[in-house]
Amino acid sequence: MAEQFDFERHWLTKLAASLEEHVGEAACQEIMAGSDALSDQSDRQKVISWSQQAIDRLEALVDEHTRQQIMLGCACQYGKADLQQAKEYYQTTADLDGAHRMLQDQFELFLRQGLKVDETTIAEVVARGWGLAGIRQGSTIVATKIPKSGYLVQYMQADDPEQRRQFYCHCPRIRDALKTRVDISPTYCYCGGGFYKGIWQEILGEPVQVELLSSVLAGDDTCSFAIRLPIDP
């Protein structure tokens with residue numbers, strides 16, 4: 001029987017690896033202290049409390065740029081196989097607009113066929129600039145995460161801003177933190193930015209830079225990022 005996937009252990013392993021890469025074993029152990037006992041089976045309040053304290057330790061021990069790079073390394077990644085068409089197109093033509101359109105078409109197809117979203121909702125999602133491709137502004141992609149797929153309709157129907165934020169995040173520990181009103185630093189949200197970093201580095205074959213523009217942890221309705229591309233605007 002296949003071992004059941006444990007999101008908490010998987011993410012904690014990525015965090016530890018990213019910490020070791022950027023700040024070494026000693027700092028990694030200090031920041032990760034208390035994480036060994038955490039799993040998907042753990043009490044959610046313990047997971048939230050540990051996450052808050054770990055990010056506080058990270059901010060106390062590590063400079064801003066380095067801690068951003070650490071969190072970028074923890075992201076869930078878009079499948080590389082699903083990026084190959086856009087990558088090959090860009091590598092062949094150097095047409096960034098064309099590759100960008102391919103990502104947008106792929107995203108809208110996912111909404112229709114994967115999530116079974118109606119055309120009115122799709123139009124609103126696109127108008128808000130949410131999703132995989134983001135909005136190109138010269139050499140920058142402004143990318144805004146779509147609300148967690150299972151809560152998309154609830155998010156868009158919610159009138160209360162606090163309730164919208166609780167529906168929004170893809171990360172279960174952050175959704176739980178928002179529901180229980182535990183404050184976690186927006187530094188954590190660079191984890192979400194790593195999703196877009198992975199996409200554009202795969203397509204371009206070059207490093208990109210990521211800046212957090214808005215975050216539900218800072219009281220915003222969405223999380224958005226500026227992806228700085230190494231191209232002539």
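Two residues are said to be in contact when heavy atoms of theirs lie within 4.5 Å, and in this predicted model that criterion gives Glu8, once its neighbours within four places in sequence are left aside, the contacts Ser39, Asp40, Arg44, Val47 and Arg173. Before these contacts are followed further, the overall frame of the chain deserves a description.

The protein has 11 helices and four strands. Its radius of gyration is 18 Å, close to the 17 Å that the globule rule gives for 233 residues, and the protein is therefore as compact as a globular protein of that length. Taken along its principal axes, the C-alpha trace covers about 50 × 40 × 40 Å. Of the 233 residues, 49% are buried, while the accessible surface of the protein amounts to about 11800 Å², with 48% of it belonging to carbon and sulfur atoms. The contacts can also be viewed by their separation along the chain: among those between residues at least 6 apart in sequence, 64% join residues that are at least 24 apart.

With this frame in place, we can return to Glu8, which belongs to helix H1, the helix formed by residues 7–23. Glu8 counts as buried because its relative accessibility is 2%, and the cut-off for that class is under 20%. The side chain of Glu8 makes a polar contact, at 3.3 Å, with the side chain of Arg44. Arg44 also appears in the list of residues in contact with Glu8, as does Arg173; Arg44 stands at the start of the range of helix H3 (44–61), and Arg173 is one of the buried residues of helix H10.

Helix H10, made of residues 172–179, is mostly covered, with six of its eight residues buried. The buried residues are Arg173, Ile174, Arg175, Asp176, Ala177 and Leu178. Against what do they pack? The buried residues of H10 pack against H1, against helix H3 (44–61) and against helix H9 (161–168).

Just after H10 comes Arg181, which takes a positive phi of about 60 degrees, a positive value in a residue other than glycine. Arg181 is placed in the loop between H10 and helix H11 (190–204), and, because its relative accessibility is 64%, it counts as exposed. A positive phi of about 60 degrees is likewise found at Ala94, although Ala94 is not a glycine. Ala94 has its place in the loop between helix H5 (84–93) and helix H6 (96–114), and with a relative accessible area of 58% Ala94 is exposed.

Helix H1 also holds His22. At 34% relative accessibility, His22 counts as partly exposed, whereas Glu8 in H1 is buried at 2%. Apart from neighbours within four places in sequence, His22 is in contact with Thr66, Gln69 and Ile70. For a sense of scale across the model, the C-alpha atoms of His22 and Gly131, which are 109 residues apart along the chain, are separated by 29 Å.

The strands remain to be described. They form an open sheet of four strands in the order E1-E2-E4-E3, with antiparallel pairing. Strand E1 (135–137) and strand E3 (209–214) stand at the edges, and each has a single partner strand, so one side of each is left without a neighbour in the sheet. On average, neighbouring strands of this sheet are turned by 25 degrees against each other, direction ignored.

Within this order E4 stands between E2 and E3, and the pairing on both of its sides can be followed in detail. Strand E2 (residues 140–144) and strand E4 (residues 224–228) pair in the antiparallel sense over five bridges, and E3 and E4 pair in the antiparallel sense over five bridges as well. Which residue of E4 stands opposite Val142? That residue is Ala226, and Ala226 is also the bridge partner of Glu211, so that, in the bridge pattern that defines strand pairing, Ala226 is matched with Val142 and with Glu211. E4 is mostly covered, with four of its five residues buried. In a regular strand the side chains alternate between the two faces of the sheet. That general rule concerns the faces of a sheet, whereas the bridges described here link E4 to its partner strands E2 and E3.

Terms used:
Residues are numbered from 1 along each chain as its sequence is written. This is a predicted model: local features need pLDDT of at least 70, side-chain atom pairs count only at pLDDT 80 or more; totals for chains, interfaces and linings use all residues. Side-chain values use heavy atoms; hydrogens and water are left out. Helices (H or I, at least four residues) and strands (E, at least two) are DSSP runs, numbered from the N terminus. Buried means under 20% relative accessible area, exposed over 50%, partly exposed in between (1.4 Å probe, protein chains only). A polar contact is a pair of N or O atoms within 3.5 Å; within protein, one must be able to donate a hydrogen and the other to accept it, and residues adjacent in sequence count only if both atoms are side-chain atoms. Two strands pair if DSSP finds at least two bridges between them. Axes are lines fitted to C-alpha atoms, for helices over the stretch in contact, and angles run from 0 to 180 degrees between N-to-C directions. The radius of gyration is taken over C-alpha atoms; the globule rule is 2.2 Å times the number of residues to the power 0.38. Accessible areas come from the Shrake-Rupley method with a 1.4 Å probe; for residues, only the protein chains shown count as cover.
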